[in-house]
Amino acid sequence: MELRQARYFLALSQECHFGRAAARLHIAQPALSQQIKQLESEFGIALFHRSTRRVELTEAGRHLAGYARALVAEEERARAHMTELATGRAGRVSLGFIGTATYDVLPRVARTVRTELPHITLDLRGELLTPHLVEGLQAGTYDLAVLRPGSDQPSLNLTPLRSERLVAVVPSHHPLARNEQIPLSALAGEPFVIHPAQPRSAMYDRVLAACARAGFRPRSLVEVGETATLVVLVAAGHGVALVPESVQSLRLDGATYLPLRETEAVELVLGRRAQGNTPAVEQVASVIVECVRG
């Protein structure tokens, strides 16, 4: 039974009249009669009782009606799903986030997509470094990534999201923790907990450059890959750190955040491949931009 025949059969079973069913289907009555006869011939059984007044389903016709409805419904579901895919309302999108965006951007994006785009499935990964995200975008592991801009990203389309000021993190028992604000030079001579040099974290160079502008180089460096671990080590007394202000949403006992007098800042961007993105990827990209800028 073809899909067209199923539609013809269901229309006649509901109208119980060849003329009305043909008008509903926008076809000629002889064409409808021919299709029903062909269907009965293929199944080898009568599907309708015909009289001059009325057309009624036979027992076999009543059984076939269930299959015909399922066939038509399945086609309608497939058509609706294809429309959602074409418009970006359905699909699967993989996202990666640097550590600092893991705590405030990732939860908002996940909640918004679940509410506004419920037929899109997200594959989420947080606490990643910008070099890993760049490689993942280029390799197709990630469709979208929230990361720091750099000079080694020529094949990517980067959308600015926000500029974040740097703040200091010090152990809560540190003498500086009692201040409301400090100059960056106050941290000269302190050991620094920092994101790693290999693979080269975007924050590694930015932190050292900020310290250089303040007139010093940290006397020692403790390198860690995850932002949460960085703050934990500061709380444990292993040193101080500079982090984007969004990290302040990560509250840990023993760690105190202090604004800097300097206006040191880092940029956050949304990365995607320059070509070949699906409509679903573009829809989620719009959600990320709205979540961060809004």
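**Exercise 1. Which residues of α3 are buried?**

Let's work it out on this predicted model.

Step 1. Find the helix: α3 covers residues 29–43, which makes 15 residues. From its first C-alpha to its last it reaches 21 Å, close to the 21 Å expected at 1.5 Å a residue.

Step 2. Apply the cut-off: a residue is buried when its relative accessible area is under 20%. In α3 the buried residues are L32, S33, Q35, I36, L39 and E40.

Step 3. Look down the axis of α3. The buried residues fall within an arc of 165°, so they line one face of the helix.

Step 4. Turn to the other side of α3, where P30, Q34, K37 and S41 are exposed.

Step 5. Ask what does the covering. The elements over the buried residues of α3 include α1 (3–15), α2 (18–25), β1 (48–50) and α4.

Step 6. Walk off the end of the helix. Just after α3 comes G44, with a positive phi of about 70°.

**Exercise 2. Explain why Y67 counts as exposed, and find its surface partners.**

Step 1. Locate the residue: Y67 sits in helix α4, which spans residues 59–87.

Step 2. Compare with the cut-off: exposed means over 50% relative accessible area. Y67 has 60% relative accessibility, so Y67 counts as exposed.

Step 3. Look around it on the surface. Y67 forms a nonpolar patch with M1, F43, I45 and L71, and together they have about 480 Å² of accessible area.

**Exercise 3. Trace the salt bridges of R162 and E164, and say whether these residues and their partners are buried or exposed.**

Step 1. Start with R162. Its side chain meets that of D104 in a salt bridge, at 2.9 Å from N to O. This pair links distant parts of the chain: R162 is in strand β6 (residues 156–171) and D104 in helix α5 (residues 99–116), 58 residues apart. Both R162 and D104 are buried.

Step 2. Move on to E164, which forms a salt bridge with R148 at 3.1 Å, N to O. E164 lies in strand β6, while R148 is in the loop between β5 (144–147) and β6, so the pair ties together parts that are 16 residues apart in sequence. With 2% relative accessibility, E164 counts as buried; R148, at 1%, is buried too.

Step 3. Put the pieces together: salt bridges with shared partners join D104, R108, R148, R162 and E164 into one network.

**Exercise 4. How far apart are the closest N and O atoms of R4 and E2?**

Step 1. Find the pair: R4 and E2 form a salt bridge, and these atoms are 3.9 Å apart.

Step 2. Check the cut-off: the nitrogen must be within 4 Å of the carboxyl oxygen.

Step 3. Classify both residues. R4 is partly exposed at 44% relative accessibility, and E2 is partly exposed at 47%.

Methods: Residues numbered from 1 in each chain as written. Predicted model: local features only at pLDDT ≥ 70, side-chain atom pairs only at ≥ 80, totals over all residues. Heavy atoms only, no water. Patch = residues over 30% accessible without salt bridge, like charges linked within 9 Å, V, L, I, M, F, W, Y side chains within 5 Å. Areas by Shrake-Rupley, 256 points an atom, 1.4 Å probe, with all protein chains shown as cover. Helix = DSSP H or I, 4+ residues; strand = E, 2+ residues; numbered from the N terminus. Buried < 20%, exposed > 50% of the residue type's maximum accessible area, 1.4 Å probe, protein only. Expected span 1.5 Å × (residues − 1). Arc of directions from axis to C-beta. Contact = heavy atoms within 4.5 Å.
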